[in-house]
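Q: Hey, can you walk me through this one? I'd like to hear about sheets and rings.

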Amino acid sequence: MEKNITTETYCNLYRSMKNIRYFEEAIQTLYKKNEIRGSAHLYIGEEAIAAGICETLDKEDYILSTHRGHGHSIGKGLDPKYMMAELLGKEHGYCKGKGGSMHIGDSKEGILCSNGIVGGGMPISVGAALSVKLHKKDNVIICFFGDGAVCQGNFHESMNMAAVWKLPIIFVCENNQWAISTNTKDTVAAKDVADLAKAYGMKSVIIDGNDILKVYETALEMRDEVIKNQGPVFIEAKTYRLSGHYAGDSEIYRTKEEILEAWKDEPIIRFEEWIANNRPELIEKFKEIEQECRLEIDEAVKFALEDSDPPVSTALEDVFTYGSAWERRDVCERNYGKTGN
Amino acid sequence: MGVHGRGGMFVREITVRQAINEAITEEMTRDSNVFIMGEDIAQYGGSLKVTGGLYDKFGPDRVRNTPLSESAIVGSAIGASMLDTRPIAEITYFDFVGVSMDQIMNQAAKWQYMTGGRVQLPLVLRTQGGGYRGNGAQHSQSLEAIFTHIPGLVVVMPSSPFDFKGLLKSAIRDNNPVLFIEHKMLYNVKGKVPSEDYFIPFGCADIKREGTDVTVVATSYMVKLVMDMADELNNQGINIEVIDPRTLNPFDFETVKKSVEKTHRLVVVNEAHKTCSFAREVSARVVEEMFSELDAPVLTVGALDVPIPYAKSLEDYVLPDKQRIMDAIKKVMKY
Ligand SMILES: Cc1ncc(C[n+]2csc(CCOP(=O)(O)OP(=O)(O)O)c2C)c(N)n1
């Protein structure tokens, strides 16, 4: 699978995957200790997709994420410290504790939104790409979504609109085979999700989403393709959701054997094995990275646990931004001209 | 034909339709990041005939016909607004917002808040509602209360060409998602509009007529109905004060409060179904906050609680009319 990938890229990909994995494991632990409110959807087993794709992106390429979004945010370079604080509902979380696990967004950091509504981000990605096109920039928008979202009207409206307007989007379907307890084969009529994209005239590919180098190379090619040909493309990355739908899921809908079987194919060990066989000189470096990631996430947890609760007064802030339209002035027909307006 | 107004500026008589078109034209001319999109709005000028001429002026990039996809129309406006453009999206009929409801209530209304202000959504969603035209139950609704119920949306509902233009210009320049509600019966209504730039702020009601006996708060097309009967009521010895809030969120309660402190009587008129309507909200708030000022119960006027029927006789019966509004005003005078 190797092409002209630099040592730095190998290391970045590994670091990104490891950070995501440790972050998610930390969430699992915190969840068991009742430190996490609501639900947290873990990305364990799918790390290669976020890591591989985000590694190819420019600062001004924007991503849109989902309810299972921690991996995308970390992949895009958000600081695990502030992410962790957000998940713990703390003052210095990315969203000041107002968003939580499912709603991380920061346009300056390149993530427009995650989304608690399945498929809800897809039409938004179309508009983001429209803006890129109107500004004539050589950037792309990455729209991540799961196989469950494929069943939403928004999927079809967005794919169609992106295609007729020839917008710079890479649609990335993370097909982890499950939508809560329902298997994709029982919900999606097409044999492969990628077939649906062909109906909209898009170039679409199916890849092994657990093969980090394949993901990375595909994303590079597709990004070039989008910028060169001006139009959306589609990647269906086949993967498997190794954790429950959310931390604490009973998982009665699938067998232990199925999960154990899937663990054999998980992306991080696969990458480590590949490195051992093909770039053994990097083994030591990878061990260092592993240690650094563990430390970084441990520190993130410590930071988040020690951070303070948001002051209640902030609950009333950020509903609106107050510009000049909000300044009280008497502008009305009757006295227009009298008051100097 | 124009005349010089009091402040020395040039004032013309134009229709609501022209006022909206002018506001969009001026803002698109000023700021190349403003663009419009919607179904059939380009060469055709829109089903509402509001966007005529814009396509020729600004071209296909900035005057965009969209596929028939209301969810994607609103969603793409949101996404574009997140990245330094200022979209104005048109949803042809208010009734169609049902199709894009998630994008409005869970996305547009919430992203600024959910991200603690890290994302901004400077977008305007224009739509057209209301009845009296025999358009039937799926093309005649007044759904504003659904949106005032959802924190995070500026809800604008003007009644005169002057207010339409000044508020739309404010909406386009504002950095929040704005739902801008037009009424099908108002498009051809004429009124005085200055030719120079002016902006009407949000949350500032307009006292359309000063009076002493009863405060009548009315919105959108209802303002016109009420204003048209004000002289007749005056001849019968009832001097009404007419308040048009112009924006429902933010809502200018202060102006209503001051007026009720003067008149001690209040009638609230809106076209929407009475149950859970904005009129009932105003009524409830006045009762909660200034009960002791009232000399009479607050009365509300709104559509009967059935879908808007097609036949003229039925639609006339279901929607608020002159008689019903007058009856309410006379009734509060009896106390
Ligand atoms: C519109 C909507 N319907 C239902 C849900 C509840 N829900 C949350 S995640 C989920 C499954 C989504 O499956 P998929 O898109 O494949 O993503 P995955 O969870 O597998 O990553 C469902 C049904 C929701 N959040 N939004």
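A: Sure, one term up front: two strands pair if DSSP finds at least two bridges between them. Helices (H or I, at least four residues) and strands (E, at least two) are DSSP runs, numbered from the N terminus. With that, B:T215 stands opposite B:E241 in β12(B).

Q: What should I know about the model and the numbering?
A: It is a predicted model, where local features need pLDDT of at least 70, side-chain atom pairs count only at pLDDT 80 or more, and totals for chains, interfaces and linings use all residues. Residues are numbered from 1 along each chain as its sequence is written, chains are lettered from A and ligands numbered from 1 in the order in which they are written, and side-chain values use heavy atoms, with hydrogens and water left out.

Q: Ok, back to B:T215. Which strands run parallel there, and how many bridges join them?
A: Strand β11 (residues 214-218) and strand β12 (residues 240-244) of chain B run parallel, joined by four bridges.

Q: What order do the strands of that open sheet in chain B come in?
A: The order is β10-β12-β11-β14-β15, five strands with mixed pairing. At the edges are β10 (206-209) and β15 (299-303) of chain B, each with a single partner strand, so one side of each has no neighbour in the sheet. From one strand to the next, the twist averages 25°. Angles run from 0 to 180 degrees between N-to-C directions, and axes are lines fitted to C-alpha atoms, for helices over the stretch in contact.

Q: Which helix lies across β11, β12, β14 and β15 of chain B?
A: That's helix α12 (residues 322-333) of chain B, running at about 170° to β15(B). Contact means heavy atoms within 4.5 Å.

Q: Switching to chain A: how many strands are in its open sheet?
A: Six, in the order β2-β1-β3-β4-β8-β7, with parallel pairing. The edge strands β2 (111-113) and β7 (203-208) of chain A each pair on one side only. Here the twist averages 20° from one strand to the next. Six bridges join β7(A) to β8(A), and A:K203 has A:V233 in β8(A) as its bridge partner. Helix α2 (residues 47-54) of chain A packs on this sheet, touching β3 (141-146), β4 (169-175) and β8 of chain A, and its direction makes about 175° with that of β3(A).

Q: Now the rings. How many aromatic pairs are there over all chains?
A: The search finds 21. Rings of Phe, Tyr and Trp (its six-membered ring) pair if their centres lie within 6.5 Å; planes under 30 degrees apart count as stacked, over 60 as edge-to-face and the rest as tilted. One of them is A:Y10 with A:F271: centres 6.4 Å apart and planes at 35°, so that pair is tilted. A:Y10 is in helix α1 (residues 7-32) and A:F271 in helix α10 (residues 267-278) of chain A, 261 residues apart.

Q: Are A:Y10 and A:F271 buried or exposed?
A: A:Y10 is buried at 0% relative accessible area, and A:F271 is buried at 1%. The cut-offs are under 20% for buried, over 50% for exposed and partly exposed in between (1.4 Å probe, protein chains only). Both rings belong to an aromatic cluster with A:Y14, A:W274 and A:F286.

Q: Where do charges sit over rings?
A: The charged end of B:R64 sits over the ring of A:W165, 4.4 Å from its centre. B:R285 lies over the face of B:F253, at 4.0 Å from the ring centre. The criterion is NZ of Lys or CZ of Arg within 6 Å of the ring centre and within 35 degrees of the ring normal.
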